[in-house]
Amino acid sequence: MELSQILPAVCVIAGILLLKPIVNTIPSLIGCLARWKECVNLENSMKLRRERNIFAVFLIVPFCLVAARYHLYSPEFTEGLSPEGNLGITAGAFFGYLLFRAAMAWSAGRPKGNEKIYDAARNCPASFFCIMVPVILSVAGICSFSDISENLTRQLILYSILVLFIVSVIRKFQILRNCCSFLTSILYLCALEILPAGILILSAVLL
């Protein structure tokens, strides 16, 4: 049995085992879409924060599987690769993106102000990742049952990611404004979100 067949089965089993923490976080995650204060409330709850983190880690494999299946990250050198090879490149790009964000966060340091508010801003993308992956899984599933072309499915998934990324950036900015100045908030957004995302996109286009 191929790896691309084994991993979905493992994800289903893990999802069943983690059903309780996943369900517990859903109301707070929906609230994060509606208002920035819910992002702070989630971060202030140790139980919800832990369950959100578990949910986010669990979703990494499904996200990489969908991203590889629909070639969301597709530099020219990936053409002709096997599904397993494409999955490896996609997972490598994803973890590289996370490491670069972590390095930028470390180099930027913490702004002066409320550390809990800053932690909520820093971890806001994790909450939106937990929203994004079920959304794109739903889009991929609906399209596969609707005989929609793979190219259109890819575009719909990318648009879904873009919309949720923009909402995540807006929420992060709203949170940062409560612990630092307008200019500092913009600089943190550029360093922690815009620059890493831009480099990821450029690597897909130029490589």
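Is K47 buried, exposed or partly exposed? K47 turns out to be partly exposed, at a relative accessible area of 44% (buried is under 20% relative accessible area, exposed is over 50%, and partly exposed is in between, with a 1.4 Å probe and protein chains only). The model is a predicted one, so to speak of local features takes a pLDDT of at least 70, and side-chain atom pairs count only at pLDDT 80 or more, while totals for chains, interfaces and linings use all residues. Residues are numbered from 1 along each chain as its sequence is written, and side-chain values use heavy atoms, with hydrogens and water left out.

K47 is also a good way into the charged contacts. Its side chain forms a salt bridge with E51, with 3.1 Å between the closest N and O atoms (a salt bridge needs a side-chain nitrogen of Lys or Arg within 4 Å of a carboxyl oxygen of Asp or Glu). The two residues sit four apart in helix α4, which puts about one helical turn between K47 and E51 (helices are DSSP runs of H or I with at least four residues, strands are runs of E with at least two, and both are numbered from the N terminus). On the other side of this pair, E51 counts as buried, at 9% relative accessibility.

Across the whole structure, the search turns up eight salt bridges. Another one joins R122 to D119, where the closest N and O atoms are 3.5 Å apart. Here again both partners belong to one helix, α6, and they are three residues apart, about one turn. R122 is partly exposed, with 34% relative accessibility. A salt bridge between K172 and E193 brings the closest N and O atoms to 2.7 Å. K172 belongs to helix α7 (residues 150-176) and E193 to helix α8 (residues 182-206), so this salt bridge ties together parts that are 21 residues apart in sequence. Both of these residues, K172 and E193, are buried. There is a network as well: E43, R49 and R52 are joined by salt bridges that share partners.

The aromatic side chains come next. Six aromatic pairs are found in a search of the whole structure (ring centres of Phe, Tyr or Trp, the last by its six-membered ring, must lie within 6.5 Å; planes under 30 degrees apart are stacked, over 60 edge-to-face, and the rest tilted). In one of them, F63 and F129 meet edge-to-face, at 5.6 Å centre to centre and 70° between the planes. This pair links distant parts of the chain, since F63 is in helix α4 (residues 46-69) and F129 in helix α6 (residues 115-145), 66 residues apart. Both F63 and F129 are buried. F173 and F182 also pair, and with ring centres 5.5 Å apart and planes at 90° this pair is edge-to-face too. F63 and F129 belong to one aromatic cluster together with F94 and F95. A charge meets a ring at R69, whose charged end sits over the ring of Y70, 4.7 Å from the centre (NZ of Lys or CZ of Arg has to be within 6 Å of the ring centre and within 35 degrees of the ring normal).

As for the cysteines, the whole structure holds zero disulfides (two cysteine sulfur atoms within 2.5 Å would make one). C124 is in no disulfide, and the nearest cysteine sulfur, that of C39, is 4.0 Å away. C124 is buried, at a relative accessible area of 1%, and C64 is buried as well, at 5%.

On the surface, L152, L156, Y159, L162, I166 and I170 make a nonpolar patch of about 540 Å² (patch residues have over 30% relative accessible area and no salt bridge; like charges are joined within 9 Å, and nonpolar side chains, namely Val, Leu, Ile, Met, Phe, Trp and Tyr, within 5 Å; areas come from the Shrake-Rupley method with a 1.4 Å probe, and for residues only the protein chains shown count as cover). One of these residues, L156, is placed in helix α7 and is partly exposed at 32% relative accessibility.

The backbone has a point to note at H71, in the loop between α4 and α5. Its phi is near 55°, a positive value in a residue other than glycine. Most residues other than glycine have a negative phi. H71 is partly exposed, at 36% relative accessibility.
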